[in-house]
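Good morning, and thank you for making time for this. I would like to take you through a few local features of one model, moving from a single side chain to a pair of helices. Please have the display in view.

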Amino acid sequence: MSVLLFGFAPVALFFLMSTTSYFFFLLLNVAIFSITGFLGISFFYQEMLKFTEQDEGGKQIRLNILRYWLGLYAFVGTQLAWTLRPFFGAPNSPFALFREQDSNFYVAILRSISQLLGFG
């Protein structure tokens, strides 16, 4: 995932220098992290499938546990990344390493989309 994120760095840098929309840049980075996270988790899932092919006993139970764990991993990972977000501050606010928690990740993404589309 880190190699993919490094590969997307020029794209993020290009849009950082060419746009002034904070919400567009925020959503662009969410999309980049989503793509790389999905690819990383799918690679992990494919490799774990190779381990389950060796032993047929309880294979379906292990696969279900793995699927639920990956879903929980994605949910907790997004919230944790939102809570520890020191790098994306609002453009008109002073730098703060730790900001107050105003919402959760999903509410903030919906708010950013509405601001970008001109509804907020």
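I begin with a polar contact. In this predicted model, a polar atom of the N29 side chain is placed 2.8 Å from the backbone oxygen of F25. N29 belongs to helix α2, which covers residues 22-52. Is N29 buried or exposed? Its relative accessibility is 9%, and because the cut-off for buried is under 20%, N29 counts as buried.

I turn now to helix α3. This helix comprises 25 residues, and its first and last C-alpha atoms are 36 Å apart. That span is close to the 36 Å expected at 1.5 Å a residue. Which residues of α3 are buried? They are L63, L66, L70 and W82. The cover over these buried residues includes α2, the helix that holds N29, and also α4.

For contrast, consider I65, which is likewise placed in α3. Its relative accessible area is 54%, and since exposed means over 50%, I65 is classed as exposed. As for its position relative to G118, the two residues lie 53 apart along the chain, and their C-alpha atoms are separated by 42 Å.

The next topic is helix packing. Two packed helices are described by the angle between their axes and the distance between the axes. For α3, residues 59-83, and α4, residues 105-117, the axes come within 9 Å and cross at roughly 70°. Why is this pair called roughly perpendicular? The term applies to angles of 65 to 115 degrees, and the crossing of roughly 70° therefore makes α3 roughly perpendicular to α4.

Which residues make this contact? On the α3 side they are F75, T78, Q79 and W82, and on the α4 side F105, Y106 and A108. By residue class, the contact of α3 with α4 has five nonpolar members, two polar ones and no charged ones. W82, one of these contact residues, also appears among the buried residues of α3.

Finally, let me single out Q79, also of helix α3. Leaving aside residues up to four places away in sequence, Q79 touches N104, F105 and Y106. F105 and Y106 are among the α4 residues of the helix contact just described. With respect to S18, Q79 is 61 residues away in sequence, and the C-alpha to C-alpha distance is 29 Å.

That concludes the presentation, and I welcome your questions.

Note on methods. Residues numbered from 1 in each chain as written. Predicted model: local features only at pLDDT ≥ 70, side-chain atom pairs only at ≥ 80, totals over all residues. Heavy atoms only, no water. Helix = DSSP H or I, 4+ residues; strand = E, 2+ residues; numbered from the N terminus. Buried < 20%, exposed > 50% of the residue type's maximum accessible area, 1.4 Å probe, protein only. Polar contact = N/O pair within 3.5 Å; in protein donor to acceptor, adjacent residues only side chain to side chain. Axes fitted to C-alpha atoms, helices over the stretch in contact; angles between N-to-C directions. Parallel < 35°, antiparallel > 145°, perpendicular 65-115°, else oblique. Contact = heavy atoms within 4.5 Å. Nonpolar A, V, L, I, M, F, W, Y, C, P; charged D, E, K, R; others polar. Expected span 1.5 Å × (residues − 1).
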